[in-house]
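Colleague: I am new to this model. Please give me a close look at one part, the contacts between chain B and chain A.

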Amino acid sequence: MSVPYDLQKNFSEVVSALKPKEAIDEANRCLFCYDAPCIKACPTSIDIPMFIRKIATGNLLGSARTIMEANPVGASCARVCPTEELCEGACVLNHASRPIMIGLLQRHATDWAIRNNVTLFEKGEPNGKRVAIVGAGPAGLSAARELARLGYAVTIYEAKEKAGGLNTYGIVSFRLPQEIPLWEVEQVEALGVTIKTNTRVGVDIMPDELVESYDSVLLAVGMGSVPALHIPGEELEGVLDAIALVEETKTRPLSTEMVGKKVVVIGAGNTAIDAATCSKRLGADHVQILYRRTAQEMNCYQFEYEFAKQDGVEFRWLVAPKRVLGNNGRVTGLELIRMELGEPDAKGRKRPVPIPGSEFSIEVDFVVKAIGQNRHVALVEQFGLQHENGIVSVEEGTYRTSHPKVFAAGDVIFGGGKTDAMVVDAANHGKRAAHAIDKAIRDQKQPV
Amino acid sequence: MADLSINLAGIQSPNPFWLASAPPTNSGYQVQRAFEAGWGGAVWKTLGEPIINVSSRFAGLTFGGQRVFGFNNIELITDKPLEVNLKEMDETKKRFPKHTLIASLMVEHKREAWHEIVKKVEAIGVDGLELNFGCPHGMAERGMGSAVGQHPDLIRQQVEWVKEVAKTPVIVKLTPNITDIRFTARAAAEGGADAISMINTINSLMGVDLDKWLPIPHVDGKGAHGGYCGPAVKPIALNMVAECARDPFVGVPISGIGGISNWRDAVEFLLMGATGVQVCTAAMHHGFRIVEDMIDGLNNYLDQRGIASVMDIVGKAVHTYSDWGNLNLNYKVVARIHEETCIHCNKCHIACEDTSHQCIEIVRDDATGKERLVVREEDCVGCNLCSIVCPVEGTIEMVEIPTGKPPLSWNQRQAALAGGGSCET
Ligand SMILES: Cc1cc2nc3c(=O)[nH]c(=O)nc-3n(C[C@H](O)[C@H](O)[C@H](O)COP(=O)(O)OP(=O)(O)OC[C@H]3O[C@@H](n4cnc5c(N)ncnc54)[C@H](O)[C@@H]3O)c2cc1C
Ligand SMILES: Cc1cc2nc3c(=O)[nH]c(=O)nc-3n(C[C@H](O)[C@H](O)[C@H](O)COP(=O)(O)O)c2cc1C
Ligand code: SF4
Ligand code: SF4
Ligand code: SF4
């Protein structure tokens with residue numbers, strides 16, 4: 001069956017680009033602050049006033065370069081960064097007027113670079129040193145870009161068919177169309193970086209081999225699939241992994257399976273929001289997000305919450321799944337139990353506790369799991385690295401693991417925080433890790 | 001990466017962006033910070049007998065929400081002793097030997113005074129001299145600055161005195177407070193100036209306080225005319241540069257000054273004959289780091305056009321600047337409205353209807369209820385007004401309508417008429 005046109009349309013980018021006049025007006029509104037708080041609020045420290053001034057003077061090439069110099073995935077970040085929490089939240093104009101639309105201006109400049117097919121950077125003079133990077137997500141790509149500019153011969157090993165990591169496969173197209181991260185990949189490849197796709201380290205090539213044959217190795221494998229719920233009925237057809245669901249919409253013709261169906265999403269981070277809005281856009285009639293705590297403890301951003309509500313997603317608080325109900329191997333319902341908030345846990349969040357005897361059932365056709373991501377524990381252990389539940393331990397500032405030749409960056413070292421993991425943090429890690437690797441290799445070269 | 005270095009009358013500079021003689025170049029600390037930020041050169045705050053400044057000196061013009069659209073000041077020349085300035089200039093030149101350091105000078109109308117100061121500043125190794133015949137306030141009342149700059153004879157004589165001893169190139173900075181700047185520019189050239197720079201500031205009163213009924217700015221209840229500069233003066237400065245660039249009797253290189261805020265402004269000055277530019281207000285508004293975009297923007301502009309050196313664009317548009325009498329009377333443009341981007345503010349209609357030639361109609365389509373703006377091209381005189389007021393860039397385009405007639409200027413027409421021939425425009 002061919003995909004109805006409107007499903008496809010549901011997956012085109014939701015937020016429209018700034019119109020030319022809008023961009024110029026907005027750029028001219030920026031104060032060009034000195035020691036600007038917006039720069040400090042950007043994990044990659046993009047010189048925001050400078051790139052905005054360059055838009056105002058019509059120097060779009062320079063503007064795009066200023067952005068991408070600081071953040072090798074700056075075009076993706078322009079779309080997926082929680083700007084209210086970062087740069088825009090820090091803009092001084094919050095106190096006097098409205099904050100500058102930094103994300104949209106960043107998109108304006110990087111879109112120009114994409115449209116005009118420009119090359120922004122050049123590779124450095126080869127220095128004869130080789131670095132292997134495992135994983136071509138935001139962290140791996142950022143590190144590769146920096147290392148290539150410093151003259152390293154860089155090879156990235158990537159398990160998937162295409163590079164870009166979750167930007168390419170995990171973030172819904174209507175927020176981040178695939179061509180954006182793929183352009184960023186091209187920019188990195190243009191510097192002579194080799195990306196070996198369809199190559200899973202630990203399976204197709206062993207960690208030992210990398211550690212032995214390269215001067216340094218960067219582990220940037222992110223996180224894995226969504227963990228199991230550990231409830232009965234989980235194996236039924238119709239129980240889906242949120243990340244796999246999104247990936248399908250980005251890699252295959254849209255499925256019409258969900259049209260008119262009832263979907264529940266379990267979890268409340270940005271993965272849950274993406275899965276829920278995605279289901280809605282795949283034609284589901286009724287989409288509910290189930291969360292065992294309340295709106296206050298939710299791990300997603302206010303704008304995401306609003307966006308999901310606008311898409312018609314319903315939220316149900318203080319419930320947890322107990323059992324997936326099925327018939328003929330297919331999901332037909334879900335048994336839930338009501339929760340209440342008890343004593344705060346170690347992080348200060350109130351712990352949800354089940355209310356005995358409060359079980360009830362709802363009818364559903366699909367259950368989407370979005371309760372976080374697994375860790376690549378096996379791979380980390382193959383490398384022999386010190387870790388905590390799969391979160392690789394690194395030395396602060398240098399990103400060096402317990403193995404002197406191996407560094408790690410991105411989600412693979414993300415140990416939780418105020419927000420979910422972010423692309424911009426991964427990019428920053430990658431960039432910094434590259435400079436730490438460079439320093440380590442240069443220090444080594446120095447005769448003692 | 002294009003070659004951005006310039007050569008202005010023998011003065012080399014790594015790029016065409018200099019700070020003009022003004023508060024940004026008051027001290028060694030500032031000029032060195034500027035060089036670190038990327039400025040190619042600096043004209044030091046004018047040296048002379050140290051003066052006493054008043055407190056409350058500047059005022060800014062906010063226009064439509066944009067601050068510092070214009071700027072004015074009643075500040076005088078340096079307030080530091082010459083020895084202190086020379087010491088700091090010396091340090092600066094030693095730390096930044098490749099950057100351009102120019103001494104701006106203003107002394108009383110005496111040959112010995114000029115000889116003495118020229119020798120002193122050249123002794124510390126400046127790359128050139130700029131004679132300030134431009135400041136319109138305070139110094140003029142003491143017979144210096146624009147009091148000299150308004151008299152071609154005084155200019156010529158003082159330049160001659162300077163040239164008697166100067167070993168480095170001499171730039172003469174001109175005042176715009178004069179009817180026709182070419183006369184003072186020619187006098188400077190006759191006196192032996194190696195280059196001229198323009199413009200200094202324009203006589204102005206920034207405003208009047210509506211509550212206190214006092215001039216802005218005022219000093220303890222009284223104000224005095226100040227020097228106007230900033231983006232608002234750019235067209236005046238650009239015209240003066242272009243007029244001097246195309247004047248065969250001036251014939252010396254020009255350093256362009258006045259309202260230059262970004263690389264685009266700079267390119268315009270270069271195309272109209274300036275070999276480099278000087279900036280004051282934009283730096284005072286935003287700090288030295290604006291030079292980053294100036295350099296980057298200029299470089300990208302040249303690269304995108306495959307131009308190897310910035311010197312290759314100097315003066316390239318001067319031949320297109322002429323007298324009104326040489327413009328083609330048989331050339332015709334009309335307004336064309338691109339409906340796709342029109343937002344229906346009707347500003348073009350009312351501008352033309354009330355203040356031009358009544359040829360933009362609002363046409364209502366009864367079927368759809370939609371309105372369209374339609375130009376009656378046969379009545380359009382091609383004044384550009386509608387395209388100027390239209391808020392959406394590119395929506396009103398002025399397009400050429402071939403008239404089928406050969407080019408004919410007013411001068412040609414008058415000549416033909418005088419010669420007895422007949423001539424229809
Ligand atoms: C659904 C969803 C929505 C999100 N939305 C946002 C958002 O809106 N804003 C935001 O800032 N962040 C968002 N994030 C988080 C963001 O995507 C991540 O923080 C970021 O992608 C981490 O980058 P990374 O390079 O560390 O890892 P990844 O992007 O996960 O890349 C890791 C790469 O390593 C590869 N790999 C894994 N194992 C191997 C192996 N053994 N051998 C070779 N290659 C391997 C993977 O295939 C992948 O390409 C979202 C995440 C998800 C799941
Ligand atoms: C506060 C102030 C002080 C100035 N002092 C001097 C001066 O001492 N000598 C001089 O030649 N020009 C002086 N100028 C004029 C500037 O050098 C420059 O010619 C003028 O400001 C126009 O450039 P702009 O539009 O970039 O500001 C001064 C300008 C300002 C705003
Ligand atoms: S804080 Fe706001 S106004 Fe200031 S530079 Fe940043 S974006 Fe511009
Ligand atoms: S800028 Fe403000 S603080 Fe600084 S000298 Fe001027 S009036 Fe004083
Ligand atoms: S001024 Fe421009 S936008 Fe406004 S009605 Fe006329 S053409 Fe349309």
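Modeller: Start with a term for accessibility: buried means under 20% relative accessible area, exposed means over 50%, and partly exposed is in between (1.4 Å probe, protein chains only). This is a predicted model, in which local features need pLDDT of at least 70 and side-chain atom pairs count only at pLDDT 80 or more, while totals for chains, interfaces and linings use all residues; side-chain values use heavy atoms, with hydrogens and water left out. Residues are numbered from 1 along each chain as its sequence is written, chains are lettered from A and ligands numbered from 1 in the order in which they are written.

Now the interface. Chain B brings 16 residues into contact with 18 residues of chain A; contact means heavy atoms within 4.5 Å. The size of an interface is often given as the accessible area lost when the parts come together. Here the two chains bury about 1,400 Å² between them. That is the accessible area (1.4 Å probe) that two parts lose on being put together, summed over both. Carbon and sulfur atoms account for 45% of the buried area.

Two salt bridges run between chain B and chain A. A salt bridge puts a side-chain nitrogen of Lys or Arg within 4 Å of a carboxyl oxygen of Asp or Glu. B:Glu292 and A:Lys54 make such a bridge, at 3.2 Å from N to O. Polar contacts add to the picture: 11 residue pairs across the interface, both residues at pLDDT 80 or more. A polar contact is a pair of N or O atoms within 3.5 Å; within protein, one must be able to donate a hydrogen and the other to accept it, and residues adjacent in sequence count only if both atoms are side-chain atoms.

Which elements carry the side of chain B that touches chain A? Two or more residues come from each of α8 (263-271) and α10 (291-304) of chain B. α10(B) gives the most, with six residues. Helices (H or I, at least four residues) and strands (E, at least two) are DSSP runs, numbered from the N terminus. By residue type, this side of chain B holds four nonpolar, seven polar and five charged residues. Ala, Val, Leu, Ile, Met, Phe, Trp, Tyr, Cys and Pro count as nonpolar, Asp, Glu, Lys and Arg as charged, and the others, Gly among them, as polar.

Next, the aromatic pairs. The whole structure has 12 of them over all chains. Rings of Phe, Tyr and Trp (its six-membered ring) pair if their centres lie within 6.5 Å; planes under 30 degrees apart count as stacked, over 60 as edge-to-face and the rest as tilted. B:Phe58 and B:Phe71 are a tilted pair, 5.3 Å centre to centre with 50° between the planes. B:Phe58 sits in strand β5 (residues 58-63) of chain B and B:Phe71 in strand β6 (residues 66-73) of chain B, 13 residues apart. B:Phe58 is partly exposed at 35%, whereas B:Phe71 is buried at 11%.

B:Trp263 and B:Tyr301 bring us back to the helices. Their ring centres are 6.0 Å apart and their planes stand at 45°, so this pair is tilted. B:Trp263 belongs to helix α8 of chain B and B:Tyr301 to helix α10 of chain B, so the pair ties together parts 38 residues apart in sequence. B:Trp263 is buried, at 7% relative accessible area. B:Tyr301 is also buried, at 17%.
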